[in-house]
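Reader: Please take one strand of this protein and describe it closely, then place it in its surroundings. I would like the pairing, the burial and the empty space around it treated together.

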Amino acid sequence: MTPPARVFTSDNTAGASPEVVEAVARAAAGPAKPYGADDVTADVRRRLCEMFEHDVDILPVSTGSAANALSLAALTPPWGSVLCHRDSHINNDECGAPEFYTAGAKLVPLGGDDAKIDPDELRAAVRHKAGDVHSVEPSVVSVTQATETGAVYTLDEIQALGSLTKEAGLRLHMDGARFAGAVAALGRTPAELTWRAGVDLLSFGATKNGTMTADAIVVFDRSLTPELTFRAKRAGQLAAKMRFHAAQLGAYLTDGLWLRNAAHANAMAARLQDGLKALPDVGLLGVADANVVFCRLPQQVTERLLADGYAFYHDRWEPGVARFVTSFATTEQDVDDLLDAVRRHAG
């Protein structure tokens with residue numbers, strides 16, 4: 001078995017924060033109303049209203065894919081299109097779930113550096129064949145924050161895309177699987193980075209950052225809530241004992257745990273990035289604003305790291321490209337040991 005200290009494949013490999021585990025144990029004591037009518041879920045909604053400075057609804061779900069697919073289904077008709085980056089998770093890593101849950105809406109991939117949607121491409125796409133009955137109708141824009149490459153949209157960038165989206169009469173969805181990492185990196189408020197920039201629905205990721213089995217859809221336009229609830233039930237995502245999802249999210253939000261975890265993961269990625277930058281024959285790709293680092297490694301270095309028991313994605317995007325992901329559980333020693341191994345094998 002690969003030692004936990006040598007696993008850099010994904011932040012999904014990390015365990016759960018102790019506070020989250022303890023909260024689940026507390027929620028197991030005694031009865032509670034089902035399907036989200038419990039006090040724990042109500043308290044999480046109250047906290048999120050405070051955090052986002054807005055009257056929001058929440059729908060806890062068990063996976064980020066469910067959060068994304070259900071959100072998009074509520075925002076576009078089957079004859080609509082979802083404008084997204086070509087490297088986005090919904091376009092590459094969800095096995096057609098968005099198309100399935102939307103009953104056939106088409107994903108239209110756009111370009112842009114660092115997996116960020118290029119504003120000029122979006123400006124053209126929101127108008128492309130709009131109103132043409134022979135084509136899909138541009139309906140929703142989906143942005144990923146932080147992106148799949150570990151980059152973060154700045155506040156100005158999110159506002160610019162939000163303005164383009166709203167001017168065209170489209171909806172805006174945010175895939176926030178690593179939303180906490182983006183907030184920690186930017187030092188801006190959750191409100192500024194979401195509804196104030198035009199976001200209608202947020203897939204609020206938590207599993208990668210300390211919960212066990214709980215993400216959530218945060219609803220800024222509450223007129224969408226009834227449809228989302230029916231869609232969640234039909235999809236098997238309306239949990240009977242929702243208090244266990246909510247308990248995880250409640251602990252995640254308590255005393256800033258969500259931001260502390262994300263800031264730590266970001267710091268470990270920055271430490272790794274700085275160390276790799278100084279090594280010969282290693283080429284960094286892009287900038288890791290959050291907790292994902294891409295680089296080019298010589299083939300012999302990759303092979304020797306794997307032989308040492310290190311786990312990371314390699315050659316998945318193109319030959320010679322490796323991805324290392326840090327998490328709230330990654331330690332400075334874990335990073336330093338990896339750097340020592342790369343240095344030893346590259347020398």
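**Strand S11 and its surroundings**

Author: In this predicted model, five bridges join strand S9, residues 292-296, to strand S11, and the two run antiparallel. Within that pairing, phenylalanine 294 of S9 has arginine 323 of S11 as its bridge partner. S11 itself covers residues 321-325.

S11 also pairs with strand S10, residues 313-314, again in the antiparallel sense, here over two bridges. In this pairing histidine 314 stands opposite alanine 322 of S11. S10 and S11 make a hairpin, with six residues between the two strands. One residue of the turn, aspartate 315, has a positive phi of about 60°.

Burial comes next. Five of the five residues of S11 are buried, so the strand counts as mostly covered, with buried taken as under 20% relative accessible area. Both faces are covered. Val321, Arg323 and Val325 are buried on one side, and Ala322 and Phe324 are buried on the other. For the protein as a whole, buried residues make up 53% of the 347 residues.

The strand also takes part in the lining of an open space. The largest pocket holds about 930 Å³. It is lined by 42 residues, and those closest to its centre are His89, Asp93, Glu148, Trp317 and Arg323. Arg323 is thus a residue with several roles here: it is buried in S11, it is the bridge partner of phenylalanine 294, and it is among the residues closest to the pocket centre. S11 is one of the elements that give two or more residues to this lining, along with helix H3 (64-75), helix H4 (89-92), strand S6 (201-204) and strand S7 (215-219). H3 gives the most, with four residues. By class, the lining has eleven nonpolar, 17 polar and 14 charged residues.

Enclosed space is a separate matter. A search of the whole structure finds two cavities of 30 Å³ or more. The second largest cavity holds about 50 Å³, and the S11 partner S9 gives the most to its lining, with three residues. Strand S8 (283-285) also supplies at least two residues of that lining. Phe294 lines this cavity, as do Val292 and Val293; phenylalanine 294 is also the residue bridged to arginine 323 in S11. The lining of this cavity divides into seven nonpolar, three polar and one charged residue.

The largest cavity has a volume of about 90 Å³. Its lining includes Asp11, Arg178, Lys208, Asn291 and Phe328. Helix H8 (179-186) and helix H11 (257-277) are the elements that give two or more residues to it, and H11 has the largest share, three residues. By class, this lining has five nonpolar, four polar and three charged residues.

As for the overall setting, the protein has 13 helices and eleven strands. Its C-alpha atoms fill a box of roughly 60 × 55 × 35 Å along the principal axes. A compact globule of 347 residues would have a radius of gyration near 20 Å, and the protein agrees with this because its value is 20 Å. Among contacts between residues at least 6 apart in sequence, 76% join residues at least 24 apart.

How values were computed:
Residues numbered from 1 in each chain as written. Predicted model: local features only at pLDDT ≥ 70, side-chain atom pairs only at ≥ 80, totals over all residues. Heavy atoms only, no water. Buried < 20%, exposed > 50% of the residue type's maximum accessible area, 1.4 Å probe, protein only. Pairing = 2+ DSSP bridges. 1 Å grid on protein atoms, 1.4 Å probe; cavity = no way out; pocket = protein on both sides within 12 Å on 5 of 7 lines; lining within 4 Å. Points joined across faces, edges and corners; volume = space filled by probe spheres on them. Nonpolar A, V, L, I, M, F, W, Y, C, P; charged D, E, K, R; others polar. Rg over C-alpha atoms; globule rule 2.2 N^0.38 Å. Contact = heavy atoms within 4.5 Å.
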